[in-house]
Amino acid sequence: MARSIRVFYSNEQGVSRKNFNWTPINKKSAVLITAAEFFWPGGLGGLEDIRPHLGAANIWVSNIGVHGPEGGSGGVEFLLHVDWPTPLNVMVTITVLDDIEQYHRTD
């Protein structure tokens with residue numbers, strides 16, 4: 001069963017390496033990650049009310065790699081790219097799928 005978590009990063013610009021540890025992730029996990037700009041909500045409302053802002057900034061994730069426990073739970077590392085002249089707030093959604101079933105090597 002797929003599980004997802006949303007992580008909010010403030011003042012992101014350029015390329016930055018991220019690591020997020022989360023118990024459902026292990027070194028055999030298949031993980032998908034999406035990213036988009038967001039604005040902090042005004043007034044009442046929690047993090048679950050934040051929605052992505054699909055503006056002109058190019059925001060994406062690359063080089064996604066899972067890892068086993070490092071002093072606790074497993075996790076995922078990735079590069080977050082924010083191509084915009086000023087820092088932006090970015091929401092990242094990490095989805096972990098079932099473990100990889102088979103490995104195949106090509107030479």
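Here are some short exercises on the strands and sheets of this predicted model, each with a worked solution.

**Exercise 1.** Find the order of the strands in the open sheet that contains β1, and say which strands lie at its edges.

*Solution.* Start with the general idea: strands of a sheet pair through backbone hydrogen bonds, either parallel or antiparallel. Next, read across the sheet: its three strands come in the order β1-β6-β3, with antiparallel pairing. Finally, look for strands that pair on one side only: these are the edge strands, β1 (3–12) and β3 (29–37). As you step from one strand to the next, the twist averages 20 degrees.

**Exercise 2.** How many bridges join β3 to β6, and which residue of β6 stands opposite Glu37?

*Solution.* First locate β6, which covers residues 88–99. Then count its links to β3: there are eight bridges, and the two strands run antiparallel. Now go to Glu37 and look across to β6, where Val90 stands opposite.

**Exercise 3.** Work out the layout of the open sheet that contains β2.

*Solution.* Begin with the order, which is β2-β5-β4, three strands with antiparallel pairing. Move on to the edges: β2 (14–21) and β4 (58–67) each pair on one side only. Then check the twist, which averages 20 degrees from one strand to the next.

**Exercise 4.** Describe how β4 is joined to β5, and find the residue of β5 opposite Val66.

*Solution.* Mark β5 at residues 75–83. Eight bridges join β5 to β4, and this pair runs antiparallel. To finish, follow Val66 across to β5: the residue standing opposite is Val76.

Notes:
Residues numbered from 1 in each chain as written. Predicted model: local features only at pLDDT ≥ 70, side-chain atom pairs only at ≥ 80, totals over all residues. Heavy atoms only, no water. Pairing = 2+ DSSP bridges. Helix = DSSP H or I, 4+ residues; strand = E, 2+ residues; numbered from the N terminus. Axes fitted to C-alpha atoms, helices over the stretch in contact; angles between N-to-C directions.
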